[in-house]
Amino acid sequence: MALCQHCGEEIEEGAGFCPHCGKPTSAGERADAPGQGGGEVAAPQRVVTAPSFGRPVGERDGSRRVIFVAVGVVAALLVAGLAYLVTRPSARPGEERLAGAVRPGEPGFPANNQLMVEFEPDEDATIGVTGLGTYAVRMIPTVRNFTGRTVTGLEFHAAGLDLKGQTIRERTAVIQEEIEPNKISKPAISLNFPSDNQPAQLKLELTGVRFK
């Protein structure tokens, strides 16, 4: 064994490079010197590879492409969501829609004498105070089915107005109920009002019918 003249570690006799510091030994320097035989220099016995060595050069660019694509997809989804929020029809709180219903002006919507809705606010509505101090109105219309078909659902628009005719509260109520031909139904529809604004008028309108 010999000692490296650079780091002082033990090396094998005749080694061209020190396996510890990687510098050429005296033997290696002699081999490289002109007129010293021109032999091949022995490779270091221990090579430490850095983590970046051996990795494809295009890997970093590929990762960036994946990131850019992901960011683009997220941005597109956000834009689509904002467009939907802007263009969707506005819905009132508590509003429902009766699926599969025919509505006024559409073919198949029954005439007034076929599906009669009788509602007199003074007789068919009650108003009370809740535990929170608000007003609760309960409307109970009478629905008479003379269409010759079985009704499976009704949709009503209920509203409460003040003395000036301004709407205080309104909602769309969906009644899931079967009414056979020549039968009567009395569905209950509720509507709440703030404690400082009791309704002076009530309105109830049939906005949808679904048949069996």
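## The surroundings of S185

Which side chain does the side chain of S185 join in a polar contact? In this predicted model, the partner is E177, and the polar contact between the two side chains spans 2.7 Å. S185 itself belongs to strand β9, which covers residues 184–185, and with a relative accessibility of 2% it counts as buried, because the cut-off for that class is under 20%.

Once the neighbours within four places in sequence are set aside, the residues in contact with S185 are P141, T142, V143, E177 and I179, so that E177 appears both in this list and as the partner in the polar contact. For T142, the separation can also be given along the chain and in space: S185 and T142 are 43 residues apart in sequence, while their C-alpha atoms lie 6.0 Å apart.

## Salt bridges around E155

Side chains of opposite charge can pair when their charged atoms come close. The structure holds 3 salt bridges, and E155 takes part in a bridge with R97, at 3.7 Å from N to O. This pair links distant parts of the chain, since E155 is in strand β7 (residues 151–161) whereas R97 is in the loop between α2 (59–87) and β3 (115–118), with their positions 58 residues apart in sequence. The two partners contrast in accessibility: E155 counts as buried at 1% relative accessibility, whereas R97 is exposed, with a relative accessible area of 55%.

E155 also meets R103 in a salt bridge, with an N to O distance of 2.8 Å. Because R103 lies in the loop between α2 and β3 and E155 lies in strand β7, this pair ties together parts that are 52 residues apart in sequence. In this bridge both R103 and E155 are buried.

## The bridge between R144 and E118

A further salt bridge is formed by the side chains of R144 and E118, at 2.9 Å from N to O. Here strand β6 (residues 142–145), which holds R144, is linked to strand β3, which holds E118, and the two residues are 26 apart in sequence. Both partners fall in the partly exposed class, R144 at 25% relative accessibility and E118 at 30%. The salt bridges that share partners, by contrast, join R97, R103 and E155 into one network.

## T207 and the ring of F211

T207 is placed in strand β11 and counts as buried at 17% relative accessibility. Apart from neighbours within four places in sequence, T207 is in contact with V102, R103, P104, E155, F156 and H157, a list that includes both R103 and E155, the two residues whose side chains meet in a salt bridge.

Aromatic rings do not pair with one another in this model, as the structure holds 0 aromatic pairs. The ring of F211 nevertheless has a charged neighbour, for the charged end of R149 sits over that ring, 4.1 Å from its centre.

## The nonpolar core

In soluble globular proteins, nonpolar side chains tend to be buried together. The largest nonpolar core in this structure has 24 residues, and those with the most contacts inside it are M139, L154, F156, I189 and V209. Two or more residues of this core come from each of the strands β5 (135–139), β7, β8 (167–175), β10 (189–193) and β11 (201–211), and the greatest contribution is that of β11, with 5 residues. F156, listed among the core residues with the most contacts, is also one of the residues in contact with T207.

Notes
Residues numbered from 1 in each chain as written. Predicted model: local features only at pLDDT ≥ 70, side-chain atom pairs only at ≥ 80, totals over all residues. Heavy atoms only, no water. Helix = DSSP H or I, 4+ residues; strand = E, 2+ residues; numbered from the N terminus. Buried < 20%, exposed > 50% of the residue type's maximum accessible area, 1.4 Å probe, protein only. Contact = heavy atoms within 4.5 Å. Polar contact = N/O pair within 3.5 Å; in protein donor to acceptor, adjacent residues only side chain to side chain. Phe/Tyr/Trp six-rings, centres within 6.5 Å; stacked < 30°, edge-to-face > 60°. Lys NZ or Arg CZ within 6 Å of the ring centre and 35° of its normal. Salt bridge = Lys/Arg side-chain N within 4 Å of Asp/Glu carboxyl O. Core = buried A, V, L, I, M, F, W, Y, C linked by side-chain atoms within 4.5 Å.
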